[in-house]
Amino acid sequence: MTLLLDNQFPPIPENKEIDTKGFLESVSHLPSFFDCLGSKVFAPIKADINGNITKIKAVYDSDPVKFETLQQILLAEKSIHGSEWPKAGATLALMWLKRGLRFIQILLESLADGERDDNNPILIRINITKAYDQALKSYHGWIVQKVFKAALFAAPCRSDFLKALSKNQEVAEEDCLSKVRQFLINFTATVDAIYEMYYTMNAELDYQV
Ligand code: 03F
């Protein structure tokens, strides 16, 4: 039985420099989650995440020694792209990818914490909305915000979502949630370290799409 959640992210080292190869391997398991949701509505989101992974991988593959860590990619691209940076290359791809990862983190945390809408306890709209408001909303103009609202209605109910996390195998809710909590440990540390890196390197942008 291989659950999506069994693909743990590696622990991050003390200096918080994230190994590019290990990171790419871990994120590569995420897009297949959308296939378990059984709705085409999520295809653009899957494509966006996949596209960003592909962009980062292309840079890494061009020189695996030079781009051994995510920090090295940002530093090298800063000098390669000049005034275009950080709106360029793998730096831009990771800037957006990390927002999707933060969304996933907050959504999973909220589910693991048992946050529910008492009027709609079988749905997870409240958890998805929380994740969206904190991770993505401020980078979206009103048209994309409307797309989000539409996607919300296609979102699976709580039990189907948890089942999708288990690759559609029958797993007890509590077992699934305990895997979620375990998964979140290294995942959150990784996402936090990437955010910190963007902040420290002055690489974060706040334009809207
Ligand atoms: C900008 C932008 N990307 C893109 O334009 C928008 C794409 C679609 C946005 C749709 C909004 C709805 C999101 C929430 C839906 C909720 C569904 C819930 C289902 C359960 C950037 O794109 C490019 O990325 C960059 O490369 C380019 O160069 O300006 C740049 C140029 O534009 C985004 O806003 C990123 C969107 C990421 C969304 C991630 C959502 C993840 C949703 C569900 C994950 C479920 C949890 C899985 C857990 C698995 C655990 C193992």
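**Helix 1 and helix 2**

I started with how helix 1 and helix 2 sit relative to each other, and they turn out to be roughly antiparallel. This is a predicted model, so I read everything below as coming from a prediction. For this pair I got an angle of about 155°, with the axes 11 Å apart. Anything over 145 degrees counts as roughly antiparallel, so the label fits. Helix 1 covers residues 20-27 and helix 2 covers residues 43-62. I noted the crossing of the two as left-handed.

Next I asked myself which residues make the contact between helix 1 and helix 2. On helix 1 I wrote down T20, K21, L24 and V27. On helix 2 the partners are I53, I56, K57 and Y60. Sorting these by type gave me five nonpolar, one polar and two charged.

**Helix 5 and helix 6**

Then I went to helix 5 (residues 125-135) and helix 6 (residues 142-154). Their axes come within 10 Å and cross at roughly 160°. That makes helix 5 roughly antiparallel to helix 6. Here I have the crossing down as right-handed.

For the contact, helix 5 brings R125, I128, T129 and Y132. Helix 6 brings V144, Q145, F148, L152 and F153. My tally by type for this contact is six nonpolar, two polar and one charged.

**Q71**

I wanted to know where Q71 sits, and found it in helix 3, residues 70-81. Is Q71 buried or exposed? Its relative accessibility is 12%, so I put Q71 down as buried. The cut-off I used for that is under 20%.

What does Q71 touch, leaving aside its neighbours within four places in sequence? I listed K16, E17, I18 and M197. I also looked up the spacing between Q71 and Q134. They are 63 residues apart in sequence, and I got 25 Å from C-alpha to C-alpha.

**The annotated domain**

Last, I checked the UniProt record, an unreviewed entry. Its annotation reads "domain: Glycolipid transfer protein" and covers residues 18-166. Over residues 18-166 I noted 64% helix and 0% strand. The end C-alpha atoms of that stretch are 27 Å apart. I18, one of the contacts I listed for Q71, is where the annotated range begins.

Conventions. Residues numbered from 1 in each chain as written. Predicted model: local features only at pLDDT ≥ 70, side-chain atom pairs only at ≥ 80, totals over all residues. Heavy atoms only, no water. UniProt positions renumbered as here; feature names shortened; annotations may be inferred. Helix = DSSP H or I, 4+ residues; strand = E, 2+ residues; numbered from the N terminus. Axes fitted to C-alpha atoms, helices over the stretch in contact; angles between N-to-C directions. Parallel < 35°, antiparallel > 145°, perpendicular 65-115°, else oblique. Left-handed = near helix turned anticlockwise from the far one by under 90°. Contact = heavy atoms within 4.5 Å. Nonpolar A, V, L, I, M, F, W, Y, C, P; charged D, E, K, R; others polar. Buried < 20%, exposed > 50% of the residue type's maximum accessible area, 1.4 Å probe, protein only.
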